[in-house]
Amino acid sequence: MLHKCVALKSDALTEFGVCSKDLSVSILMSLTCVSFQACHSETHIGQYYTLPSAHIRTLFPSGLPWRYQQQVKTFNEACIMVRQPSLEVISYLKKTDYSKPALRYLFYGQKGTGKTISLCHAVHFCYTQGWLVLHIPDAHQWVKNCKELLPSSYNASRFDQPLQATTWLRNFRLTNERFLSKIKTKHRYMWTKREFTEEGSLLGELVDQGISRVKSSSDVVGAVMKELRLQSGQPGSDFHLAVAVDGVNGLWGRSTIKKEDKSVDPEELTLIYNLRKLMRNDWTGGAIIATLSQTGSLYTPKSAYLPQELLGERGFDSMDPFIPVSVPNYSEKEFESCCLYYMDRHWLQHPQSRTEEGKKELVFLSNKNPSMLDRICGFL
Amino acid sequence: MKAALKLYSEGVFLVRWSRYNPYYLEPEVSKEAYSRPATELSAEEKEQRELKTLRPIKAATSGVSSSVFDDPVISKFINMMMEHGNKVLAREIMTQTLENIKKKQVEKYHKASEGEREAIECNPYTIFHQALENCKPVVGLASIQKGGKYYQVPIPLTDNRRRFLAMKWMITECRDNKHRRTHMYEKLSQELLAAFGKEGNVMKKKYELHKMAEANRAYAHYRWW
């Protein structure tokens, strides 16, 4: 039985979510739910929330994990399970006083427990509330495998990464179309002797400048971050800023980029330097949501997952104080819900996987870890 | 009997080439066989159980497991794909193949209209088994010498031989005749889906073998067994 619900807030995007799919299995509800206001309370833990496909294309051009993107393509829909960590962060975001400095939320947990998906869930919430989303899909990509490294034009001791900066600006433009023509810059920026951006020009022009002039794109990124940081929370501006960084421990770790056989410190990279400034809580009117990640990180042991271990001393001191949110493996109820969802989408095909014995085996093999369960159910 | 049952406890025991005394019985791995109460069993099965309590039992190979998802055909296919003993890689390829097949079929299922949905088979295991069935040849050829010349004589094949030929053709086809840069799981899934629909190079090979056997029908009486 399908019914569409309209969001209750009129000034937010009129987003109609999708269906509550009624599964006639008696054990547990695996209802997919819709509009945020109705569907994100404690009772909805374990149920699936469908993200509208238009939102996926604009919000997450590259923010979702690879396996999840494949799943979205196969099932022809994007469903996220409502879980305790993201519910917690969303409830805090609803209640915060935005005249105070930005709060920092940090998702941490073992490998494969769903930190990135929780981050995407919280980011989607911010997007539906009409916030400006500054999403860095993976901070580790900025400290490794750099093909082009130019000396920065602004500061001689730093290095620019034009490729990463231009891709990020393109994604930023795609996500925040509607803000580009509303926000005006407060400073004047000189790119070269002849090119400059006047005070009071639109943010869209600044972003286009960065995309077309590849050499100065990293500086444009820094300028965009500075502008947004200064303007959010001011009485004149009407937007909230959500900064979402995946793999935030990469900002304070080491990098594998080499310049003439000398290893480059992340501090010497313009992008990282500007992002670190953004992570400080000296601005108001928004929130910073981040995820730790050991999988992409460099020179960290595989067993490390706690904030203290992954952020290191410098990182922890910069991020302190923050709100740590632990993302555990699935509970019994969530595991059942996941299995029911896969069966509903015709993903669990093996006849034995629907029996009790099969379920017990899945619990044993995956240890209720979301990514392991996904991999195992892939070939069953 | 007792003299033949030597104790193997001294020294290093080479398990790979060991030949068990025929006195040893085969192991029963599945849990269901043991969960049936004594009342349900027929007389022979009760006798078997009695025998199992008395006689020694061979060690189970590492390829079988008591998992409900264990499939002997799939295990055999993995063993045939394995090179240099790299079972981990062969298993990985097999699981990726099954996942790939399922992904393609489920995508097709979700995009199809209501009427077409029943015709689409999503279970990768049924697709695999059906594709292998479709590839199994009915008759084979044997080289038999008669009067100084060798003739290709059509002969009946045992089940094991048919299954072996189907799997062998599938694997060699995917290894040799496909584009170099595609992954093995991609090649295998394409070929298996084609064989499921009774098309593809492996089916062609089977039909050619059948044609040869039909052409050489006249020599069938050269077979003496």
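**Exercise 1. A charge and a ring**

Determine which ring B:Lys102 lies over in this predicted model, and which aromatic cluster that ring belongs to.

*Solution.* B:Lys102 lies over the face of A:Trp347, at 4.2 Å from the ring centre, and the cut-off for a charge over a ring is within 6 Å of that centre. As a next step, the ring of A:Trp347 can be placed among its aromatic partners, for A:Tyr48, A:Phe75, A:Tyr341, A:Tyr342 and A:Trp347 form one aromatic cluster. Another charge is placed over a ring within chain A, where the charged end of A:Arg178 sits 5.4 Å from the centre of the ring of A:Tyr127.

**Exercise 2. Aromatic pairs**

Classify the pair formed by A:Tyr48 and A:Tyr341, and work out which parts of chain A the pair ties together.

*Solution.* A search of the whole structure finds 16 aromatic pairs over all chains. In the pair of A:Tyr48 and A:Tyr341 the rings are 4.1 Å apart from centre to centre, with 20° between the planes; since planes under 30 degrees apart count as stacked, the pair is stacked. The next step is to locate the two residues: A:Tyr48 lies in strand E2 (residues 48-51) and A:Tyr341 in helix H12 (residues 332-344) of chain A, so the pair ties together parts that are 293 residues apart in sequence. Finally, both partners can be checked for burial, with A:Tyr48 buried at a relative accessible area of 5% and A:Tyr341 buried at 3%. The rings of A:Tyr189 and A:Trp191 give another case, with centres 5.8 Å apart and planes at 10°, and therefore this pair too is stacked; both of these residues are buried.

**Exercise 3. The surroundings of a strand**

Establish where the side chains of strand E10 (residues 241-246) of chain A point, which strands pair with E10(A), and why the strand is largely enclosed.

*Solution.* In a regular strand the side chains alternate between the two faces of the sheet. Accordingly, one may sort the residues by direction: A:Leu241, A:Val243 and A:Val245 point one way from E10(A), whereas A:Ala242, A:Ala244 and A:Asp246 point the other way. The neighbouring strands come next, and E10(A) pairs in the parallel sense with strand E5 (residues 132-136) of chain A over five bridges, A:Leu134 having A:Val243 as its bridge partner. E10(A) also pairs in the parallel sense with strand E13 (residues 286-291) of chain A, over six bridges, and here A:Ala287 is the bridge partner of A:Ala242. As the last step, six of the six residues of E10(A) are buried, so the strand is largely enclosed by the rest of the structure.

Methods. Residues are numbered from 1 along each chain as its sequence is written. Chains are lettered from A and ligands numbered from 1 in the order in which they are written. This is a predicted model: local features need pLDDT of at least 70, side-chain atom pairs count only at pLDDT 80 or more; totals for chains, interfaces and linings use all residues. Side-chain values use heavy atoms; hydrogens and water are left out. Buried means under 20% relative accessible area, exposed over 50%, partly exposed in between (1.4 Å probe, protein chains only). Helices (H or I, at least four residues) and strands (E, at least two) are DSSP runs, numbered from the N terminus. Two strands pair if DSSP finds at least two bridges between them. Rings of Phe, Tyr and Trp (its six-membered ring) pair if their centres lie within 6.5 Å; planes under 30 degrees apart count as stacked, over 60 as edge-to-face and the rest as tilted. A charge sits over a ring if NZ of Lys or CZ of Arg is within 6 Å of the ring centre and within 35 degrees of the ring normal.
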